[in-house]
Amino acid sequence: MPSAYAILSDNYLYDTWTSKEGLPHNSINAITQTKDGYLWFATWEGIARFNGKEFKVFTRGAESALADSGVRTLYANSDGSLFAGGARGGLVKREPHHWQAMTPIKNLINAVLRDKHGGIWVGLQGDGLVFRETEDAQDQFILPSISIYKLSLTENGDILASTSEGLYQISTNTPQKITTILELQGIPVYSTVQTPEGMLLIGSKNGVWTYQKGQLKRFNEQLNNVIVSTIIIDKAGNYWFGSSRQGIYYFNGKKLSRFTEDDGLPNNNVLSLYQDRENSIWIGTNSGLTRLRKAPFSSWNQKNGLQGDFIRTTLALPDGRVAVGSSNGLNLIEDDKIYSFDPTFKYNTDKKQISVLSLAPRKKSGFWVGTAENGLFKFEQNRLEHVALEHLPTQQIRAIYEDEKEQLWIGTTGGLVKYSNNQVQQLFTTKSGLPDNYIMALTQDALGKIWVGTGLGVALIKNNKLRSLNIDPLEQAQYVFGFHSQKEYMWMATDRGLIRYRYSDDSMAIIGQKQGLPLDKLFQVIPDSMGYFWLTSNRGLWRISQQEINAVADGAIPQVNFVHYSEVDGMPTAQLNGGSNPAASVDQSGDIWFATAKGLIETHPKRFSEIIATKFPAIIEKVTADQTTLNLNTEQPISLPAGTQRVSISFVGLGFISSEHILYSTKLEGLQSKWTQRGSIGVAEYTNLAPGHYTFMVNAYYPYHQDTINNAQFSFIIEPYLWQRIEVQLALLGLLILTIYLSVRWRLHLLKQSELKLKNEVEQKTQALRIQSSAFERQAREDKLTGLHNRLAFDEWHKRIYSLSQSKTNLSIIMLDIDHFKRINDTYTHLEGDKVLHKLGHLFSQLEQRNCFIARWGGEEFVFGLLNWQKDNVYALCEKINHLVKQQDYSEIDEQLVVTISIGVVNGDTSTNIETLLRHADEALFEVKNNGRDGICVYKDENN
């Protein structure tokens, strides 16, 4: 997870990862990205593959083919393969889902590169440069006995070798030394890249040099004494220099900026730099990994020149300036410059600082300023002048509105006042019908009504007549923090969500937690130029589609989708302020400004589409079938054995800028006809699939970018059992039909032989049917596994007893349960558990005697019915059963296996109702289980 954020000169944010977040080691020696979209990081404890959410680590072993876990360099080839080299000269090649060891070299590998002809170049520590014409060719040693730090290619395919003795350019295997001037004699060169204009940027022990048309020159004096370890040129043409002890230097063509430990870099010793496909800059240091990414939000705070960081209100002005009110005063932002203004009082001129709560445009020029303690000010001609107003209930002004007639409405914590030419026209309080005197929001709709948001609801005023709007039925909403007026609707940000009021029929609808928003309290509703609402809250910004939220309000769809922005997206804090107006504003260019507890932030909706690459690879990472991980390195459908119970498929969208916002939908063709929405969950599981051919498909996309689909798929076949194959089923059907046909013919033949024989056979078969019916009747009442009576037989027995009895029947019930029988099944399989049941069934059948009826009740439970037994004899029988069960020999299952039972007993004198007796026996049995099992409990009737 991102650990912090910061802004460079071009508004970059940074995120940091260390071993705490899953890296195998904090020294990031090399970084690259393969064609499939994965990011790779070389460390001294293996290679880490990153999918935007988690790291998968490859260390020495059969899976990675690495000779040693220490990896110094990585190279991603255009064909999608990855080369890795490191300690002990180990060199491996990775293709999707497959690693292959290459012929090792005798020393530490610092650099690997593949040229346009397929040749492999390997830079060694102290042993020069090795060239292999093909992957299996013999080694050719070039530039022996020196250290090669980095390798890169020029536009024409030449090799640039940064070495301990300077820079060499190699063409047709012939090296030419570039750094021949006196200042670079004997100076190591650590990194070299070629610019699009053909100039070489050379990072050395004594700074950065350029080489073009045979001339070596210093690049920038600020870098003269910097040891530059690595260089990249990003896609915008900016230069990035990593140093060994002074962090990152960044040159955008005009200015050289710096990013160090003081700014949030884990360590000033930079080992690697890389720009990924989404234009993020990745920095590998000795103490962790950092990503720099373009910031969707720009921030202004006290360090930049604002009067304070706790911003209450902001107003975009028609002339392009932005007014900012904080607890420490008023600022204006103009052309990225910040100006401060001290107030001018007509009285009490010693007051120099005001706490600004509200802003509003003036019809003439400038704007109005409401404060926490000093009443009203007007800003005009770059002067902030106090306006003395009579009859203000309090000096705390949280909302201001100037209507079309230039009447000024002032919302205070003590009521609402309407002024005209600075004269009081009317005071509105709870006595006038306001729901509350605490005024937080004011606006005017297209019909001329003034809307008043208070701490206890909403009021509407027209022609000095006031009426309240009851919003309590909408989830008991009370606080109204902000309004947004449209032609057909008025939107209200409240403490229970967003409320829509429709002018045409006075109807209201709420969009809150029940409709999909994850919070209650909203402060402001701000529309953008792309059809979305931005909602501010104490928990960040929420972006929702206007079309979709209207559909929810109309009842056409049940829930609204949203995108959430907070600190992880570059905001200094998720706490946006409310309770004063306006707390957010849109300027003429479409930029949106938000007041927060840590400064002012600004964004434009288009930035998010520009920063986030909506096209990215979707990957199926892992497929398991009944705990077996499948090999995905095949284009053919994978066959799974008959009886496969569970198929689990893990997938990921390799978008790194905002990976937590990526959504997924899946479909299993062969089972489903519609897509399943899975939110941000990257796994799908299927159980008990029938035999057949299946294709799993996954779509990955960002919210509001459903049209930009990034998909992956995987096909598999579940084989049928022999008896499930269609040809076998047809053959069996034909055999059955033939058998029936032959049987009928044979029967007809026998019938024709002799009428007497037929009669005898009929008589014999009739007798056999009687016997068979008797056997069926016995089987229907017998438990096949244990040989005991079953529950049906027990029910018939006790009914027969009660029907034959002429007096009170003394019936005792013993309910018996095998302890921890599920554990026996789970440990030794259900087959072995059946053996235990069979053994106990045989044991219990030997105990059956006169007036004793034993049955299997179900599962691992048995029941004994004892008619007219003495209580002592009943208890003695229970002790005997308990003893015999423990003494049984279970060695055929496990030598150590001991089986115990729990017994619940109820005697017939407690009730004459069989259902009551059974329930009491079960309660006694539960008491034994509750007390640790392996015991006997006799039910005691507390009423007797």
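Colleague: Which hand does the crossing of α6 and α7 have?

Modeller: That crossing is right-handed (the near helix is turned clockwise from the far one by less than a right angle; anticlockwise would be left-handed). This is a predicted model, where local features need pLDDT of at least 70 and side-chain atom pairs pLDDT 80 or more, while totals for chains, interfaces and linings use all residues. Residues are numbered from 1 along each chain as its sequence is written, and side-chain values use heavy atoms, without hydrogens and water.

Colleague: How is a pair of packed helices described?

Modeller: By the angle between the two axes and the distance between them. Here α6 (residues 821-845) and α7 (residues 871-887) have axes that come within 11 Å and cross at roughly 140°. Axes are lines fitted to C-alpha atoms, for helices over the stretch in contact, with angles from 0 to 180 degrees between N-to-C directions. Helices (H or I, at least four residues) and strands (E, at least two) are DSSP runs, numbered from the N terminus.

Colleague: Which residues of α6 and α7 make the contact?

Modeller: Leu 840, Leu 843 and Phe 844 come from α6, and Ile 881, Leu 884 and Val 885 from α7; contact means heavy atoms within 4.5 Å.

Colleague: And what is the order of strands in the open sheet?

Modeller: The order is β51-β52-β53-β54, with antiparallel pairing (two strands pair if DSSP finds at least two bridges between them). At the edges, β51 (525-527) and β54 (563-565) each pair on one side only. Six bridges join β52 (residues 532-537) to β53 (residues 540-545), and Tyr 532 stands opposite Ser 545 in β53.
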